[in-house]
Amino acid sequence: MRTLVLFTRSPEAEARVKGLPRKAGSRLFRELLSAWCRAARGAGVRLSMMAPAGSVAALAGQFASDGVRVEAQR
């Protein structure tokens, strides 16, 4: 099976880095990541998220149930 690799941070970390309000920015990035999950499923590929170590637990908690593999970026 083909794999789509997405390099990202947790939605909260993305909002912080981009200087957006925490609540609205986190919601925006969570929706963007959910859209990637849907697109990968629609294309019949597996989605892997590579993230800084500090974001792995948050991303896994939010997206592992969607079959997304989350790993620390090396």
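**Exercise 1. Which exposed residues does the face of α3 turned away from its buried side carry?**

Before we start, keep in mind that this is a predicted model.

Step 1. Find the helix: α3 covers residues 53-63.

Step 2. Pick out its buried residues, using the cut-off of under 20% relative accessible area. In α3 these are S55, V56, L59 and F63.

Step 3. Look down the helix axis. The buried residues of α3 fall within an arc of 115 degrees, so they line one face of the helix.

Step 4. Now turn to the face on the other side, where exposed means over 50%. There you meet G54, A57 and G61, and that's the solution.

**Exercise 2. Work out what covers the buried residues of α3.**

Step 1. Start with the helices. The cover includes α1 (11-18) and α2 (22-43).

Step 2. Add the strands: β2 (46-51) and β3 (69-72) are also among the elements that cover the buried residues of α3.

Step 3. Check this from the side of α1. Its buried residues are P11, A13, E14 and A15, and they pack against α2 and α3.

Step 4. Carry on past the end of α1 and you reach G19, which takes a positive phi of about 75 degrees.

**Exercise 3. Is E14 buried or exposed, and what does it touch?**

Step 1. Place the residue: E14 sits in helix α1.

Step 2. Compare its relative accessible area with the cut-off. E14 has 9%, and buried means under 20%, so E14 is buried.

Step 3. List the neighbours. Leaving aside residues up to four places away in sequence, E14 touches T8, R9 and F29.

Step 4. Follow one of those contacts to F29, which lies in helix α2. With a relative accessibility of 14%, F29 counts as buried too.

Step 5. See who else is around F29. Again skipping residues up to four places away in sequence, F29 touches P11, E14, A15, K18 and L20.

**Exercise 4. Take two pairs of residues and set their places along the chain beside their distances in space.**

Step 1. Begin with F29 and T8, which are 21 residues apart along the chain. Their C-alpha atoms are separated by 9.8 Å.

Step 2. Next take G44 and R9, 35 residues apart along the chain, with 24 Å between their C-alpha atoms.

Step 3. Put G44 in context: you'll find it in the loop between α2 and β2. At 45% relative accessibility, G44 counts as partly exposed.

**Exercise 5. Describe the whole protein, from its elements to its surface.**

Step 1. Count the elements: there are three helices and three strands.

Step 2. Put them in order. From the N terminus on, they run β-α-α-β-α-β. The radius of gyration is 12 Å, close to the 11 Å that the globule rule gives for 74 residues, so the protein is as compact as a globular protein of that length.

Step 3. Add the dimensions: along its principal axes, the C-alpha trace spans about 35 × 25 × 20 Å.

Step 4. Look inside. Of the 74 residues, 35% are buried. Among contacts with a separation of 6 or more, 51% come from residues 24 or more positions apart.

Step 5. Finish on the outside. The accessible surface comes to about 4,700 Å², and 56% of that belongs to carbon and sulfur atoms.

Step 6. Tally the charges: the protein has 13 positive and 5 negative side chains, and the centres of the two sets lie 2 Å apart.

Definitions and conventions:
Residues numbered from 1 in each chain as written. Predicted model: local features only at pLDDT ≥ 70, side-chain atom pairs only at ≥ 80, totals over all residues. Heavy atoms only, no water. Helix = DSSP H or I, 4+ residues; strand = E, 2+ residues; numbered from the N terminus. Rg over C-alpha atoms; globule rule 2.2 N^0.38 Å. Buried < 20%, exposed > 50% of the residue type's maximum accessible area, 1.4 Å probe, protein only. Contact = heavy atoms within 4.5 Å. Areas by Shrake-Rupley, 256 points an atom, 1.4 Å probe, with all protein chains shown as cover. Lys, Arg positive; Asp, Glu negative; His and termini not counted. Charge placed at Lys NZ, Arg CZ, Asp CG, Glu CD. Arc of directions from axis to C-beta.
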